Amino acid sequence: PWFVASGTAAKVQKLEKSIGQDLLCSWTSEHLSRVYPEGTRISSGNVDPIPMWLSGVQMVALNYQTSDTGLLLNQGLFRHYNGSCGYVLKPSFIPSIRSATKLWLRICCGHRLPRPDEPGTAEVSSP
């Protein structure tokens with residue numbers, strides 16, 4: 001089963017307390033997961049992404065309007081680490097996927113793609 005599990009930060013923390021970090025890490029090593037702030041939050045502050053990342057969560061939704069600790073941690077890890085590629089391998093203590101998998105993608109459409117005849121320009125092709 002391949003899917004993306006989405007949940008609030010509070011639900012992920014509650015799940016981790018009930019099943020343990022090891023089991024949650026094992027699950028997130030084989031499934032994509034996304035965490036977002038609770039919808040009832042009044043402030044635009046961010047959740048602490050570190051506990052989510054340590055549990056193996058791949059995507060932590062952050063509010064870029066608020067330059068707080070959560071956003072600074074995210075920028076420090078993904079923008080300035082690993083050659084600024086935006087991707088960081090999971091730490092070795094998080095289990096890896098046990099078998100190799102081929103992924104075939106069919107690109108249906110694109111938006112704001114660079115013109116193929118002008119690779120270095122900032123202009124994009126028109127729809």
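This is a short walk through the fold, one pocket and one buried histidine of a single chain. The model is predicted.

Start with the overall layout. The chain contains four helices and three strands. Read from the N terminus, its elements follow the order β-α-α-β-α-β-α. The chain has 127 residues, and 24% of them count as buried.

Now look at the strands. Strand β1 covers residues 4-8. Its pairing with β2 is parallel and runs over five bridges. One pair to find in the model is G7 with its bridge partner in β2, V35. On to the next pairing. Strand β3 is made up of residues 59-60. β2 pairs with β3 over two bridges, again in the parallel sense. Here R34 has M59 in β3 as its bridge partner. To get from β2 to β3, the chain passes through helix α3, residues 49-54. This β-α-β crossover is right-handed.

Stay with β2, residues 32-36, and follow its side chains. They alternate along the strand. S33 and V35 point to one face, and both are buried. L32, R34 and Y36 point to the other face and are not buried. The two bridge partners named above can be placed on this pattern. V35, the partner of G7, belongs to the buried face. R34, the partner of M59, points to the other one.

Next comes a pocket. A probe the size of a water molecule, rolled over the atoms, shows where empty space is left. The second largest pocket holds about 190 Å³ of space. It is lined by 13 residues, and the closest to its centre are A5, V12, L15, L24 and W27. Which elements supply the lining? At least two residues each come from β1, α1 (9-19), α2 (21-28) and β2. By type, the lining residues comprise seven nonpolar, four polar and two charged.

Finally, turn to H31. This residue sits in the loop between α2 and β2. Is H31 buried or exposed? Its relative accessibility is 13%. Buried means under 20%, so H31 counts as buried. The side chain of H31 also has a polar atom 3.1 Å from the backbone oxygen of W27. W27 has appeared already, among the residues closest to the centre of the second largest pocket. W27 therefore links two parts of this tour: it helps line that pocket, and its backbone oxygen lies 3.1 Å from a side-chain polar atom of H31, a residue that counts as buried at 13% relative accessibility.

Technical notes:
Residues numbered from 1 in each chain as written. Predicted model: local features only at pLDDT ≥ 70, side-chain atom pairs only at ≥ 80, totals over all residues. Heavy atoms only, no water. Buried < 20%, exposed > 50% of the residue type's maximum accessible area, 1.4 Å probe, protein only. Pairing = 2+ DSSP bridges. Right-handed = clockwise from strand over helix to strand, strands pointing away. 1 Å grid on protein atoms, 1.4 Å probe; cavity = no way out; pocket = protein on both sides within 12 Å on 5 of 7 lines; lining within 4 Å. Points joined across faces, edges and corners; volume = space filled by probe spheres on them. Nonpolar A, V, L, I, M, F, W, Y, C, P; charged D, E, K, R; others polar. Polar contact = N/O pair within 3.5 Å; in protein donor to acceptor, adjacent residues only side chain to side chain.
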